[in-house]
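The following exercises concern one protein chain, whose sequence and coordinates are displayed below. Each task is followed by a worked solution that proceeds step by step.

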Amino acid sequence: MKKLFLAFSLLLWTSACSASSIFSLTPTPTAYIYPTAETPLVPALTVESLGDAEYILPGFDGAIRSYQFVDGTYTIGDPSVSGNASLSLLDFFAFGDLNEDGVNDAAVLIAENYGGRVLVSVNAVLNEGGLPRHVASFMIDDRPQINALDIRDGEIFLDA
């Protein structure tokens, strides 16, 4: 009787571990849903909004100053007297994502005239909720010849 009970137990155990029962007990994999980047609904920067932005730049004397542009220019003082400043946006604009937030930012060129030389800089402008915020500047040269300005893969490219 003991042998019969042992054989019956072994039969039940092996049938419980059959291939069909193992596969029916194995959980099926669930497809992982990767998070998708949603492009935020942020108003795009425009040439007009860049022309009315605030730019923080080093002056000819090296001091950092804030310049509130209006219609693409900033002027202070009489051009015939020292201490004047005339800054303006050049007609080179590039739009693209600089900080990987899914929103197009901008690169602009600014010509700075402090009474003689006309220094040109390339400037990075982030789009923060549809408003331009100047974040970086790099001096190019005195009256450089500019061929192209572009933003690719989060970097500003200048052909000058």
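**Exercise 1. Salt bridges**

Determine how many salt bridges a search of the whole structure finds, and describe the accessibility of the partners.

*Solution.* Step 1. In this predicted model, the search yields 4 salt bridges.

Step 2. One of them pairs E128 with R133, with 2.7 Å between the closest N and O atoms. The limits for a partly exposed residue are 20% and 50% relative accessible area. E128 is therefore classed as partly exposed, because its relative accessibility is 39%. R133, with a relative accessible area of 38%, is also partly exposed.

Step 3. A salt bridge also joins the side chains of D150 and R152, at 3.2 Å from N to O. Relative accessibility is 30% for D150, which is partly exposed, and R152 is partly exposed at 41%.

Step 4. The side chains of R143 and D142 form a salt bridge at 4.0 Å, N to O. R143 has a relative accessible area of 53% and is therefore exposed, whereas D142, at 25%, is partly exposed. Both residues belong to a salt-bridge network that also includes R117.

**Exercise 2. The hairpin near the end of the numbering**

Establish how strands β8 and β9 are joined, and locate E155 with respect to them.

*Solution.* Step 1. Strand β8 covers residues 148-152 and strand β9 covers residues 155-159; the two run antiparallel and are joined by 5 bridges. Within this pairing, D150 lies opposite F157 of β9.

Step 2. The two strands make a hairpin with 2 residues between them, and the turn residue D153 has a positive phi of about 50°.

Step 3. E155 is situated in strand β9. Its relative accessible area is 46%, so E155 is partly exposed.

Step 4. When neighbours within four places in sequence are set aside, E155 contacts L98 and D150. The C-alpha atom of E155 is 9.1 Å from that of N99, although the two residues are 56 residues apart along the chain.

**Exercise 3. The open sheet**

State the strand order of the open sheet and identify its edge strands.

*Solution.* Step 1. The sheet has 5 strands in the order β3-β4-β5-β6-β7, and their pairing is antiparallel.

Step 2. β3 (73-76) and β7 (131-142) pair on one side only and are the edge strands. From one strand to the next, the twist averages 20°.

Step 3. Inside the sheet, β4 and β5 run antiparallel and are connected by 8 bridges; G96 is found opposite D105 in β5.

**Exercise 4. The nonpolar cores**

Identify the residues with the most contacts inside the largest nonpolar core, and the strands that supply this core.

*Solution.* Step 1. The largest core comprises 16 residues, and L50, Y55, F69, L87 and I110 have the most contacts inside it.

Step 2. At least two residues of this core come from each of β1 (54-58), β4 (85-96) and β5 (105-113).

Step 3. Another core, of 12 residues, lies apart from the largest; its members include A107, V120, A124 and L149.

Step 4. For L87, residues up to four places away in sequence are not counted; those it touches include L57, Y67, F69 and I110.

**Exercise 5. The chain as a whole**

Summarise the secondary structure and burial of the chain.

*Solution.* Step 1. The chain has 3 helices and 9 strands, arranged along the sequence as α-α-α-β-β-β-β-β-β-β-β-β.

Step 2. Of its 160 residues, 28% are buried. The exposed surface of the chain is about 10900 Å², and 60% of it is supplied by carbon and sulfur atoms.

How values were computed:
Residues numbered from 1 in each chain as written. Predicted model: local features only at pLDDT ≥ 70, side-chain atom pairs only at ≥ 80, totals over all residues. Heavy atoms only, no water. Core = buried A, V, L, I, M, F, W, Y, C linked by side-chain atoms within 4.5 Å. Buried < 20%, exposed > 50% of the residue type's maximum accessible area, 1.4 Å probe, protein only. Helix = DSSP H or I, 4+ residues; strand = E, 2+ residues; numbered from the N terminus. Contact = heavy atoms within 4.5 Å. Areas by Shrake-Rupley, 256 points an atom, 1.4 Å probe, with all protein chains shown as cover. Pairing = 2+ DSSP bridges. Axes fitted to C-alpha atoms, helices over the stretch in contact; angles between N-to-C directions.
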